[in-house]
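Please open the structure in your viewer and keep the sequence beside it. The tour below moves from one selection to the next and says what is there.

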Amino acid sequence: IAVAAKLSFVELLSTGSQGLPVVIASVGAGLAFIPIAGRFAGLPKEMTLLLTAGTSICGVTAITALAPAINASNRDIAVAVANTVAFGTVGMICYPYLFNLACTSSEQVGMCLGVAIHDTSQVLGSAMSYKETFSDELALKVAAVTKLTRNLGLAIAIPGLTYFHSIEQRKKLDAADVKQHSDTISGLATFQKYVPSFLIAFIGMSSLRSCGDFFLVQDAETFQKTMDYIGNDVSKYALGTAMAGVGLSTSASSLKGVGWKPFAVGASGAMVVGGTGFVVSSLIV
């Protein structure tokens, strides 16, 4: 949210629209590939759907939004979160250097970071690392907007994956259970439930910056310095807190005996999502 203090609303819309084809292609590739890979590996359906949501869209946020809707077990949730933490952290460390070599512009670097890394805090951490290492503010802004555009997929993907799960379950349940699942879906099908609050707050912060830049004349310099302080300094401390929260949400005891297959599916899904984003961004930037 603090990063949005450096983004005007016009810049948010223009950058988001530019990266929209990259987001659609990468998220679509993940939603198509990971369920097939999970079925091939023999993973439980709930675990596969959590891996699909976490890898394709929004990391831990997507996992926690989907888990109650499909009655996922604690073990399935732990495995999905562990995938997000493991592969997202690897990407956060390695991708800034990889994309600096492979990409041709700051815009492409930002788009690739925004779609290739799982959780929002991990994306921003990677983008801040890129900014500090290569003195590239634009890549940070594009990465933030691309990731927030990707997060909007929660509003479509979570109800869709919930419905897909209910169809699978209806084949095994009697009429009473079918009615129960139908009620669950109708109760979940609201925009507010699937669009995370931090996304609304991010847009609100950007709107505040935009209004201040446009309407304030006498105190414009003070306002800009304040917003830049929030976007540059406050965001660093907030990011550290967010990353600690992601790590603390993983329980090692829940991962005993799960084997290597869930992580193979998660790794292959991450490569498909990130690789699709890189290819599409190369075509449009």
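Before the first selection, one cut-off is needed: a residue is called buried when its relative accessible area is under 20%. Bear in mind throughout that this is a predicted model.

Begin with the whole protein chain, coloured by secondary structure, where twelve helices and zero strands appear. Of the 285 residues in the protein chain, 49% are buried. The accessible surface comes to about 13,000 Å², and carbon and sulfur atoms hold 66% of that surface. Among the contacts in the protein chain with a separation of 6 or more, 79% are between residues 24 or more positions apart.

Next, select residues 106–116, which form helix H4. Ten of the eleven residues of this helix are buried, so H4 is largely enclosed by the rest of the structure. If you step through the helix, the buried residues include Ser106, Gln108, Val109 and Gly110, and further along Cys112, Leu113 and Val115.

Keep Val115 in view, and now add Ser26, which is in contact with Val115. Ser26 belongs to helix H1, which covers residues 9–41. Is Ser26 buried or exposed? Its relative accessible area is 0%, which is under the 20% cut-off, so Ser26 counts as buried.

Finally, display the side chain of Ser26 together with the backbone of Val23, where a polar atom of that side chain lies 3.2 Å from the backbone oxygen of Val23. Beyond its neighbours within four places in sequence, Ser26 is also in contact with Val273, Thr276 and Gly277, and these three residues make a suitable last selection.

Key
Residues numbered from 1 in each chain as written. Predicted model: local features only at pLDDT ≥ 70, side-chain atom pairs only at ≥ 80, totals over all residues. Heavy atoms only, no water. Helix = DSSP H or I, 4+ residues; strand = E, 2+ residues; numbered from the N terminus. Buried < 20%, exposed > 50% of the residue type's maximum accessible area, 1.4 Å probe, protein only. Polar contact = N/O pair within 3.5 Å; in protein donor to acceptor, adjacent residues only side chain to side chain. Contact = heavy atoms within 4.5 Å. Areas by Shrake-Rupley, 256 points an atom, 1.4 Å probe, with all protein chains shown as cover.
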